[in-house]
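Trainee: Could you walk me through reading helix packing and a buried side chain in a model like this one?

Mentor: Sure, let's bring it up and go feature by feature.

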Amino acid sequence: MNIPLKMNEPYTNIKNILPLIKKHYTPIWIYYYEIIKKKIQELNKFDVIRYAQKACSNINILKTLRKYNVKIDAVSLGEIERALLAGFTPNNHEIIFTGDLFDRETLYKIVDLNITVNIGSINMLEQIGKISPGHCIWLRINPKFGHGHNKKTNTGGENSKHGIWNPSLAIDTIKKYKLKLIGIHMHIGSGSDYHHLKKVCDAMVHTVLQLNQNIKSISAGGGLPIPYHCKDKKIDIENYFLLWDNARKRISKHLNHPIELEIEPGRFLIAESGILLTEVRTIKKMGKNTFVLINAGFNDLMRPTMYGSYHKISAYSHTGHLIKTKKTINTIVGGPLCESGDIFTQTNTGDVLTRKLPLLKIGDYLIFHNTGAYGASMSSNYNSRPLIAEILCKNNKFYTIRKRQSIIDMLKSETECNIPE
């Protein structure tokens, strides 16, 4: 869904956002609580919803998800610490660490807290087995094929670094250290279609039957797509569930006991809840092209530059009115960075595209829709630009869940270093 910024819907009325601009300036991330709640409810047939927090790791978003019994997938020590601060505990496998390697600090923290690990390499089994025999683990399997909306989101096949290629090699190490294998995880990429989904379900069944270990759970991974384009079809969750439920039943029949079915969404839960509010600061003609330059760059929203991703753009006047006009012009939207690639309207190969937008003025606002996932979490200080504020809208009220970073804060870790002359 695109957030319906209609004047008769108070909680999405951009006029209600104008006071935020005075307080926090632009650009600003804004998330809508009610949309997150709705997306969680859409997945209620799965036994466990485990949020891939890399999509949006703000602690206050994690607290929202925990309220609705969503569990956490963490891929770094920082994400583990975020989950702990949000109230998640290692008890009952609330937090699972997924990775293809351990750095030493993360490994020791995982062992200290007894956090379940989704193992992505044989080396990881040896490393955790030596210092924590009997540790609870999953195996992340590379099914030898992959798929995704972009080559960079493909997580299976021989060109992917993720998962274990030959899982049978893991069994001897598991037995050697008496590791507790509780689940099998298999994920081939973000944005997979139903043909590939059926294929990975069959691969899951084949792998579990081949290994013949007494597991308790299987994970469908994540990657559920959302409709970024108006023409995109919404994923059929019922069909998605039925395919995986059928795989679960085949496994349960073979092992002769119930199997828990997990799903690991990131984008699906959070993307449609978020918008990026930006301000037009320059309009310029370059030959036949019209460039509208805004005060957000790819340091804020990386997806269009990294993947050629599409985000719907809405235009509003400085007074908060939707700019409606029959006359539109082909517009290239770019940011302030000292980079030619700082363009929000481009293909995945870097070719510049235009978007039909109304005639704009300096001080007008552009809203990028469906930016809740991989927006703020992928942002950086590139060009020494501070991180921008994050706001959560709940019950028509706005709450600051991350303050705008000051330049002083950004530079603090460097200025505290004293090097003698």
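Mentor: Let's start with a helix pair, keeping in mind that this is a predicted model. Helix α4 (residues 77-85) and helix α5 (residues 104-113) cross at roughly 35 degrees, and their axes come within 9 Å.

Trainee: Which residues of α4 and α5 make the contact?

Mentor: On the α4 side you'll find L77, I80, E81 and L84, and α5 brings E105, T106, K109, I110 and L113. Sorted by character, the α4 and α5 contact residues come out as five nonpolar, three charged and one polar.

Trainee: And at what angle do α2 and α3 pack?

Mentor: Helix α2 (residues 33-41) packs against helix α3 (residues 59-67) at about 45 degrees, with the axes 10 Å apart. Angles outside the roughly parallel, antiparallel and perpendicular ranges count as oblique, so α2 and α3 are oblique to each other. The crossing of α2 past α3 is right-handed. Here Y33, I36 and I40 of α2 meet I61, T64, L65 and K67 of α3. That contact splits into five nonpolar residues, one polar and one charged.

Trainee: Now a single residue: is S379 buried or exposed?

Mentor: Buried means under 20% relative accessible area; S379 has 16%, so S379 is buried. You'll find S379 in the loop between β15 (365-369) and β16 (389-394).

Trainee: What does the side chain of S379 reach?

Mentor: The backbone oxygen of A376, at 2.6 Å. Setting aside neighbours within four places in sequence, S379 also contacts N299, D300, L387 and R402.

How values were computed:
Residues numbered from 1 in each chain as written. Predicted model: local features only at pLDDT ≥ 70, side-chain atom pairs only at ≥ 80, totals over all residues. Heavy atoms only, no water. Axes fitted to C-alpha atoms, helices over the stretch in contact; angles between N-to-C directions. Helix = DSSP H or I, 4+ residues; strand = E, 2+ residues; numbered from the N terminus. Parallel < 35°, antiparallel > 145°, perpendicular 65-115°, else oblique. Left-handed = near helix turned anticlockwise from the far one by under 90°. Contact = heavy atoms within 4.5 Å. Nonpolar A, V, L, I, M, F, W, Y, C, P; charged D, E, K, R; others polar. Buried < 20%, exposed > 50% of the residue type's maximum accessible area, 1.4 Å probe, protein only. Polar contact = N/O pair within 3.5 Å; in protein donor to acceptor, adjacent residues only side chain to side chain.
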